[in-house]
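Got your viewer open? Here is a stop-by-stop route, with something to select at each step.

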Amino acid sequence: NYMSNLNGTYKRLIIVAYRLPFSIKQTKEGVSLFQNSGGLVSAVLSMAEQMGQSAGDSGPKIHWIGHCDNSLKDIQQSAFEDEHFVAHPVFVDEDVHQAFYEGFCNDLIWPLFHYFPTFASFQENYFDAYQQVNNRFLEELTSIIEPGDLVWIHDFQLMLLPDLLRKAVPEATIGYFFHIPFPTFEIIKLLPRTWRQALMNGLLGADVVGFHTADYVKHFMHNVSEVVGLPIIEQRVVLDDRSVFVGDFPISIDFTKFDEGSQLEAVAEMRQHYQQLLNGNKIIFSVDRLDYAKGITYRLQGYERFLTQNPDWHNNVTFVMTVVPSRDKIGHYQEIKREIEETVGRINGLFGTIGWRPIVYSYLSLTFTELLALYTCCDVALITPIRDGMNLVCKEFIASRRDNQGVLILSELAGAAQELPDALIINPTDTQEVTAAIKEALEMQPAEQQDRMQKMRQHLQNHNVFRWSHNFLSAFMSDESWQSELATN
Ligand code: GDG
């Protein structure tokens, strides 16, 4: 049981993340909670389930601080609770929230840290709002924190919070996990000097800072030297009275949930339904949030070239491409949506016939059953981000394939590529390479599919989300022994 050491050492776990683990709807009948489906929630939820299982129904609930829409301000605190979580909503004024979320987070940090600097907008009011919102989270945090709590802060929306909390509660135990790529100094250098110093110092308020890959750790450490000039000893940044452990902790998935989910009756029915609808064609599948970093246009170009070069495959293959609505109030997102839809329309117009649509595109969110049915009925998963911190979709696809069939085509620019050498690894900008990989995947013999899939499944069975959280939390234990060593020497 990966969670046992947490239960013994820390009184409570407080997660702090921009989004709450559920969305809340108020209807005439009362308040209802709906589980969210983002990467982080999938991961921590699995961990909560594991903790609940080990501690029984009366086990400790996870406290979760997250942003909440102002329209829900009047709901009583007791409604913000389900079987796993006690949620603590953070309310922010509309205009401040806009400059924080759509501004600093998604119009500056997201494009910059995914190496799209020309999409980044450096507005002064963005940073003011970012500071204000991080302080709002601090207020909520200091109102509930108790001695013995472990605070685990997540992601790029809250980079200032570790240091704010360190100043308010110097003895707090603070972890921080970064879910997106951490870029090189050449990128960070584009931020105004005071901003980049504040962000780096903000993160260094934590005891443990985690990233998905060793490359992101390397970039972070280089930025520590360049931006704040602090000494580094091995994997630790040394401050006056303490040190910060910086490590790579590749996030993963609840393997069993997907492995077992693939066997559900409802999933099998949906799978058959899809196969019938698509006339038994070979199926290529992709699903991502709408985002320019996910490389959707490059993916379409690869598929178009494949169709041009392989007329034999016309009528015999269907690309099911689902894009999940995300951030579509932001200009660059509207542009990429238009570009995707134009490209899909053009390709379908060019190759399609009355009986065959080469691409079945939808802009919507799938249910878990639909997602599993698609993971398990497809022949190829085509995952081509230009940048992706990790990418959980490819891991979920693998975990769903108990039949050991199906081929993963994966961009070398996803963090996950470093763990999955048995995928067909491609560079999404190399259209010919994508084209060749699609052909190779569609024509791969079952024995080779099985060989590759088994190796990837073995890896993920061992490196699941419980191991991820266990490894992250274990870093605090070794941290304590190092800190006492530091104090005695
Ligand atoms: C960020 C980083 C990093 C997607 N569509 C549907 C749906 N999903 C679920 C998937 C998966 C999650 O959302 C997407 O996670 P990703 O990791 O692929 O991507 P981001 O949302 O960009 O997440 C990423 C992650 O944080 C974790 O650290 O890996 O690099 O960008 O779990 O299953 N779920 C359902 N319907 C959908 O239509 N039910």
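Start with the nine strands of the open sheet ordered β5-β4-β1-β6-β7-β8-β11-β10-β9, where the pairing is mixed. (Strands are DSSP E runs of at least two residues, helices are H or I runs of at least four, and both are numbered from the N terminus; two strands pair if DSSP finds at least two bridges between them.) Which strands are at the edges? Select β5 (85-90) and β9 (232-233), each of which pairs on one side only.

Before moving on, a word on what you are looking at: this is a predicted model, in which local features need pLDDT of at least 70 and side-chain atom pairs count only at pLDDT 80 or more, while totals for chains, interfaces and linings use all residues. Residue numbers start from 1 along each chain as its sequence is written.

Stay at the β9 edge and add strand β10 (residues 236-238): β9 and β10 pair in the antiparallel sense over two bridges. Pick isoleucine 233, and its bridge partner in β10 is arginine 236.

Now bring in helix α4, which packs on the sheet and touches β1 (12-19), β4 (62-67), β5 and β6 (149-154). Its direction makes about 140 degrees with that of β5. (Contact here means C-beta atoms, placed from the backbone, within 7 Å; axes are lines fitted to C-alpha atoms, for helices over the stretch in contact, and angles run from 0 to 180 degrees between N-to-C directions.) Add α5 too: α5 lies across β1, β6 and β7 (173-177), running at about 175 degrees to β7.

Next, look at the two helices together. The axes of α4 (residues 124-144) and α5 (residues 161-168) come within 10 Å and cross at roughly 45 degrees. That makes α4 oblique to α5 (under 35 degrees counts as roughly parallel, over 145 as roughly antiparallel, 65 to 115 as roughly perpendicular, and the rest as oblique). The crossing of α4 and α5 is right-handed; that is the label if the near helix is turned clockwise from the far one by less than a right angle, and left-handed if anticlockwise. To see the contact, show Asn134, Asn135, Phe137, Leu138, Leu141 and Thr142 of α4 with Leu161, Leu164, Leu165 and Ala168 of α5. By class, the contact of α4 with α5 has seven nonpolar, three polar and no charged residues. (Ala, Val, Leu, Ile, Met, Phe, Trp, Tyr, Cys and Pro count as nonpolar, Asp, Glu, Lys and Arg as charged, and the others, Gly among them, as polar.)

Keep α5 and add helix α7 (residues 193-203): their axes come within 6 Å and cross at roughly 60 degrees. This crossing is left-handed. Click Leu161, Pro162 and Asp163 in α5, which meet Asn201, Gly202 and Leu203 in α7.

For a quick detour, select β2 (residues 22-27) and β3 (residues 30-35), an antiparallel pair joined over six bridges. They form a hairpin with two residues between them, and serine 23 has phenylalanine 34 as its bridge partner in β3.

Last stop: the open sheet of six strands in the order β14-β13-β12-β15-β16-β17, with parallel pairing. Here β14 (359-363) and β17 (424-426) stand at the edges with a single partner strand each, so one side of each is left without a neighbour in the sheet. The twist averages 15 degrees from one strand to the next. Inside, eight bridges join β12 (residues 282-289) to β13 (residues 317-324). Finish on helix α15 (residues 431-443), which lies across β12, β13, β15 (380-383), β16 (407-411) and β17.

Terms used: Two residues are in contact if their C-beta atoms, placed from the backbone, lie within 7 Å. Two strands pair if DSSP finds at least two bridges between them.
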